[in-house]
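This briefing reviews charged pairs, a nonpolar surface patch and backbone geometry in one protein chain. Please read it beside the sequence and the structure shown here.

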Amino acid sequence: MGGYYILIGLFMLISMGVSSQLKRKFAKYSKTFLANGMSGREIAEKMLADNGITDVQVISTPGQLTDHYNPANKTVNLSEVVYHERNAAAAAVAAHEVGHAVQHAVGYNMLQFRSKMVPMVNIASNLNQWILMLGIAVMAGSGNATLLWIGIALFAVTTVFALVTLPVEYDASNRALAWFQKHNMLLPNEYDGAKDSLKWAARTYLVAAISSLTQLIYFVLMAVGGGRNNE
């Protein structure tokens with residue numbers, strides 16, 4: 001298990017580094033004020049209108065980094081800073097979340113697949129760590145890896161979810177950037193700031209997906225190795 005904790009520690013450091021860089025980027029581009037004077041809310045509402053979406057509401061939600069699109073009630077939820085501010089960082093986040101609303105409206109298949117996975121992921125994420133640890137203990141004591149394989153199957157569900165999230169997030173950002181360009185919403189320096197912000201936001205999902213996949217492979221190799229050692 002020593003190797004596992006080293007692996008977790010490594011990815012924690014990488015994740016902290018990416019998150020720290022993301023915060024610095026957003027702080028930087030929060031000072032790049034939009035020449036068009038539009039707030040995050042106004043950016044979101046215009047992008048919705050330009051995509052012919054009339055049944056989605058843009059609302060403010062408390063907290064920081066709480067921005068999300070809720071397909072259940074069709075709301076683009078923007079944190080208070082993003083909702084009110086008029087800068088490149090706010091524009092990037094607002095347009096990205098509307099990108100998810102556009103995905104929903106056009107029936108983007110990866111978003112639909114991810115949404116269908118949510119109930120299964122909620123169950124798997126609550127159980128997998130406990131079953132994995134118990135499975136490792138049972139295998140160490142008896143050589144039986146059955147319980148560990150069950151834990152691996154549950155962990156695989158969360159890994160697939162993390163991998164599916166990647167194209168969903170990248171596509172939402174690409175839709176936002178394409179809209180900025182098509183409608184000449186931002187000046188070149190503002191666009192570059194929005195693009196850089198979204199790039200670093202996407203990297204947080206990339207690190208999470210790679211970390212989950214690496215852990216999955218580690219557990220599989222452990223189960224295979226434990227089974228062979230007891231044959």
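D196 is part of helix α7, which covers residues 188-229. The structure is a predicted model. D196 is a useful place to begin, as the residue takes part in a salt bridge with K199 and also touches K25 and Y29.

**D196 and its surroundings**

- D196 counts as buried because its relative accessibility is 11%, and the limit for that class is under 20%.
- Leaving aside residues up to four places away in sequence, the contacts of D196 are K25 and Y29.
- The side chains of D196 and K199 form a salt bridge, with an N to O distance of 3.2 Å.
- Both D196 and K199 belong to helix α7, where three residues, or about one turn of the helix, separate them.
- K199 has a relative accessibility of 38% and therefore counts as partly exposed, whereas D196, at 11%, is buried.

**Other salt bridges**

- Side chains of opposite charge can pair when their charged atoms come close.
- How many salt bridges does the model contain? The count comes to nine.
- One of the pairs is R114 with E169, whose closest N and O atoms are 3.4 Å apart.
- This pair links distant parts of the chain, since R114 lies in helix α5 (residues 109-142) and E169 in helix α6, 55 residues apart.
- Are R114 and E169 buried or exposed? R114 is buried, because its relative accessibility is 16%; E169 is likewise buried, with a relative accessible area of 5%.
- R41 and E42 also meet through their side chains in a salt bridge, at 3.8 Å from N to O.
- With a relative accessible area of 25%, R41 is partly exposed, and E42 falls in the partly exposed class at 24%.

**A network of shared partners**

- As noted above, D196 and K199 are both in helix α7. Elsewhere, salt bridges that share partners join R41, E42, E45 and R86 into one network.
- Within this network, the R41 and E42 side chains meet at 3.8 Å, N to O.

**Nonpolar surface patch**

- Which residues make the nonpolar surface patch of about 350 Å²? The patch is made by L163, L213, I217 and L221.
- Helix α7 supplies the largest share of the patch, namely three residues.
- L163 is placed in helix α6, which runs over residues 146-182.
- L163 has a relative accessibility of 35%, so the residue counts as partly exposed.

**Positive phi outside glycine**

- K74 is not a glycine, yet its phi is positive, at about 55°.
- Where is K74 found? K74 sits in the loop between β2 (68-70) and β3 (75-79).
- The relative accessibility of K74 is 30%, so K74 counts as partly exposed.
- N184, also a residue other than glycine, has a positive phi near 50°.
- N184 lies in the loop that runs between α6 and α7.
- N184 is exposed, because its relative accessible area is 66%, and the exposed class begins over 50%.

Technical notes:
Residues numbered from 1 in each chain as written. Predicted model: local features only at pLDDT ≥ 70, side-chain atom pairs only at ≥ 80, totals over all residues. Heavy atoms only, no water. Helix = DSSP H or I, 4+ residues; strand = E, 2+ residues; numbered from the N terminus. Buried < 20%, exposed > 50% of the residue type's maximum accessible area, 1.4 Å probe, protein only. Contact = heavy atoms within 4.5 Å. Patch = residues over 30% accessible without salt bridge, like charges linked within 9 Å, V, L, I, M, F, W, Y side chains within 5 Å. Areas by Shrake-Rupley, 256 points an atom, 1.4 Å probe, with all protein chains shown as cover. Salt bridge = Lys/Arg side-chain N within 4 Å of Asp/Glu carboxyl O.
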